[in-house]
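Q: Please walk me slowly through one small part of this model, and show me how the pieces around it fit together in sequence and in space.

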Amino acid sequence: MDVSRMRNLACYMSHSSSPNVLVQPVLYDHNSVSFPHLMLFAMENIPPLRELSIDYGMADDCTGKLAICN
């Protein structure tokens, strides 16, 4: 998500090796597994003004990029 033009959820998310949010693909208004909705679920009680964090995945050994970037 690009927040340079319009602010959205991305400006409140960061990467962490101990995340407090889980991203889960969910089907709720259709049955097409090709187009799931990505929903965020708190993994713990998150107090106000605490930054939300997710784990982007493991780095690829060959490229050094995170798995989500491949």
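A: Helices (H or I, at least four residues) and strands (E, at least two) are DSSP runs, numbered from the N terminus. With that in hand, Ser17 can be placed in the loop between S1 and S2. Residues are numbered from 1 along each chain as its sequence is written, and this is a predicted model, in which local features need pLDDT of at least 70 and side-chain atom pairs count only at pLDDT 80 or more, while totals for chains, interfaces and linings use all residues. Side-chain values use heavy atoms, with hydrogens and water left out.

Before looking closely at that loop, it helps to have the whole chain in view. The protein chain has zero helices and four strands, and read along the sequence it follows the pattern β-β-β-β. Of its 70 residues, 11% are buried (under 20% relative accessible area, whereas exposed means over 50% and partly exposed lies in between, with a 1.4 Å probe and protein chains only). If we take the contacts (heavy atoms within 4.5 Å) in the protein chain that have a separation of 6 or more, 40% of them join residues 24 or more positions apart.

Now we can return to the loop, where two serines invite a comparison. Ser16 also sits in the loop between strand S1, which covers residues 13-15, and strand S2, which covers residues 21-26. Ser16 counts as buried because its relative accessibility is 17%, whereas Ser17 is exposed, because its relative accessible area is 68%. Although Ser17 and Gly57 are 40 residues apart along the chain, their C-alpha atoms are separated by 8.8 Å.

What does Ser16 touch, once residues up to four places away in sequence are not counted? The residues it touches are Ser53, Ile54 and Asp55, and two of these are worth following in turn.

Ser53 belongs to strand S4, made of residues 52-54, and Ser53 counts as buried because its relative accessibility is 8%. With residues up to four places away in sequence again not counted, Ser53 touches Ser14, Ser16, Ser18, Pro19, Asn20 and Val21.

Asp55 comes in the segment after S4, and Asp55 is partly exposed because its relative accessible area is 42%. When its neighbours within four places in sequence are left aside, Asp55 is in contact with His15, Ser16 and Pro19. Asp55 and Ser14 are 41 residues apart in sequence, yet 8.4 Å apart in space, taken from C-alpha to C-alpha.

A second loop comes before S4, and one residue in it deserves a careful look. Leu49 is in the loop between strand S3, which covers residues 37-42, and S4. Leu49 counts as exposed, because its relative accessibility is 91%. Its backbone also has a feature to note, for Leu49 has a positive phi of about 70° although it is not a glycine.

Taken together, the view from the loop between S1 and S2 is of a buried Ser16 beside an exposed Ser17, with Ser16 touching residues that include Ser53 and Asp55.
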